[in-house]
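The exercises below are meant to be worked through with the sequence and the coordinates at hand. Each task is followed by a solution that proceeds step by step.

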Amino acid sequence: MEDRREETLDPLDWGAAREVAHRAVDDAVAHLSGVRERPAWQAPPASARAFLSQPVPQGPTELAQVYGNLVEHVRPYPMGNIHPRFWAWYMGAGNFAGALGDFLAAIDGSNLGGGNTAPALLDRQVVGWLRSMVGLPEGSSGTLTSGGSAANLVALTVARNAKAGVDVRAEGVAAIPRPLRFYASDQIHSCHQKALEVLGLGHHALHLVPTGPDCRLDIAGLEAAIAEDRGRGFEPAAVIASAGTVNTGAVDDLLAVGALCRREGLWFHVDGCIGALLAIAPRHRHLVAGIEAADSVALDPHKWLHAPFEVGCALVRDARLHHATFALHPEYLEEQSRGVAGAESLFDYGIELSRSFKALKVWMALKEHGVQKFGRLIDQNIDQARYLAGLIEAEPRLEMMAPVTINIVCFRHRLPGADEATLKAFNSEIMFRLQEAGTAVQSDTTLHGRHGLRVAIANHRTRRADLDLFVRELLRLGAELQRG
Ligand SMILES: *Cc1c(COP(=O)(O)O)cnc(C)c1O
């Protein structure tokens, strides 16, 4: 072997490296094409736990063996969201072009903080595509983030600074003359509480308006809340409308919220992590009419666009306000009209300086399939949710817990005469058994004090037969449990 006093991480033997990579790709294709044959989920066994608690390696291991470790101890025990019968929380199911995109982005290696580079142009292009899909006007700004929580935080930071009445960047939140208030339905995602806490406003700044059985933002209640807060010396700043709530998929009346925000001078933010992309679904885009008038929108390509984790996106109508909230150029990060630095920095639109080339996975999948296909897949999931609701409604042992607006179905197994706690334990037991058997993965939630199971079909691999199997197994387990 040649004497290498100057070391590198590059393989000494590129041929061997290529061999491992080819095997990884062959295995990846088999893994994805055979996903239906595997359990939807299985817990990591003791052997994997032990292996994954080993200390940091001091010396080398052959790449082929490292890959072997992954194959043995990691790959068999994933979350399962690429499986056709995974419907828990709210996740996308991934896609092959997107996975290749993540690999190729890593090979390219660019830092997407900015730069006079093709990857930076591509990042801009993807943000522009997402903006056009949602319907915000050209000239709006946007940024890809790690996910929806970060996207909402970016948008709410712009909203806070726009409505503070002082220069928050200079003076801080303590200088805000009257405490800001943000409004949302009580079905809002928890990331908004976190955002307001991080923004130094405290979560009491989040005024939640109670929902009725439809789980939508009550516009009269919202108006009353704003008036009441004004009377108490607060400064109503923004409304956070949900385009698809996480519990039930309820979609707030965006036209009404937008009109109210214009009337009252409030920032109109839409949390569209679930449903902003309804705007591309031919048969359901009417549900988000009015989203195009939002001051800001958060959306999540790693949900209904099935991009591999992670990628979210914040869009802001007023690009100037967005830029003014985050732009910062110390002497070592000046923009340049020539050379690699570039004249427009992507890091000026969020808190991250170094950024991944996550745009590539979205770009590749959108180019491979076209937006229309993604729109049809959203319609397909909604049809499947209605189909599941039909099965539940036709079955006397089951009951629906909330109306189905989009692709989320909340329901429970009845247990005649049982109290709420017993019902919760019974339904949870069914859920755990379905997961542990690897049959299907669903989650649960509590709506207006009533516990239920929850199926969110954001999955391009799901078929109706999967839902038939799910209901059949659920009923079988319910009967088995009742027999004791
Ligand atoms: C998923 C979700 C979020 C948070 O997004 P992450 O990508 O998980 O950070 C926010 N709001 C809603 C409505 C969501 O469904």
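Two strands are said to pair if DSSP finds at least two bridges between them. The model is predicted, and every exercise should be read with that in mind.

**Exercise 1. Describe the pairing of β10 with β11 and the turn that joins them.**

Step 1. Strand β10 and strand β11, the latter covering residues 450–456, pair in the antiparallel sense over five bridges.

Step 2. Individual partners can then be assigned: D444 stands opposite L453 in β11, and the bridge partner of T445 in β11 is G452.

Step 3. The hairpin of β10 and β11 has two residues between the strands, and in this hairpin H448 takes a positive phi near 45°.

Step 4. In a regular strand the side chains alternate between the two faces of the sheet. Along β10 this alternation is found, with S443, T445 and L447 pointing to one face and buried, while D444 and T446 point to the other face and are not buried.

**Exercise 2. Place the hairpin in its sheet, and explain why β8 and β10 each have one side without a neighbour in the sheet.**

Step 1. The sheet is open and has four strands in the order β8-β9-β11-β10, with antiparallel pairing.

Step 2. Because β8 (398–400) and β10 (443–447) stand at the edges and have a single partner strand each, one side of each is left without a neighbour in the sheet. From one strand to the next, the twist averages 45°.

Step 3. Helix α15, residues 464–483, lies across β8, β9 (408–413) and β11, and runs at about 25° to β9.

**Exercise 3. Classify the crossing of α6 and α8, and list the residues through which these helices meet.**

Step 1. The axes of helix α6 (residues 148–163) and helix α8 (residues 191–198) come within 9 Å and cross at roughly 45°. That angle makes α6 oblique to α8.

Step 2. The sense of the crossing, as α6 passes α8, is right-handed.

Step 3. On the α6 side the residues are S149, N152, L153 and L156, and these meet C191, H192, A195 and V198 in α8. Sorted by class, the contact of α6 with α8 has five nonpolar, three polar and no charged residues.

**Exercise 4. Decide whether W89, H306 and H73 count as buried or partly exposed, and note the backbone geometry where it is given.**

Step 1. Most residues other than glycine have a negative phi, and most peptide bonds are trans. Against that background, W89 has a positive phi near 45°, and H306, which is not a glycine either, has a positive phi of about 60°.

Step 2. W89 is placed in the loop between α3 and α4 (96–108), and its relative accessibility of 46% means that W89 counts as partly exposed.

Step 3. H306 is found in the loop between β6 and β7, where its relative accessibility is 2%, so that H306 counts as buried. The loop between β6 (296–299) and β7 (312–316) also holds E310, and the peptide bond from F309 to E310 is cis, with omega near -5°.

Step 4. H73 lies in helix α3, residues 63–73, and counts as buried because its relative accessibility is 10%, where the cut-off for buried is under 20%. Leaving aside neighbours within four places in sequence, H73 is in contact with S47, A48, F51 and L52.

Notes
Residues numbered from 1 in each chain as written. Predicted model: local features only at pLDDT ≥ 70, side-chain atom pairs only at ≥ 80, totals over all residues. Heavy atoms only, no water. Buried < 20%, exposed > 50% of the residue type's maximum accessible area, 1.4 Å probe, protein only. Contact = heavy atoms within 4.5 Å. Axes fitted to C-alpha atoms, helices over the stretch in contact; angles between N-to-C directions. Parallel < 35°, antiparallel > 145°, perpendicular 65-115°, else oblique. Left-handed = near helix turned anticlockwise from the far one by under 90°. Nonpolar A, V, L, I, M, F, W, Y, C, P; charged D, E, K, R; others polar.
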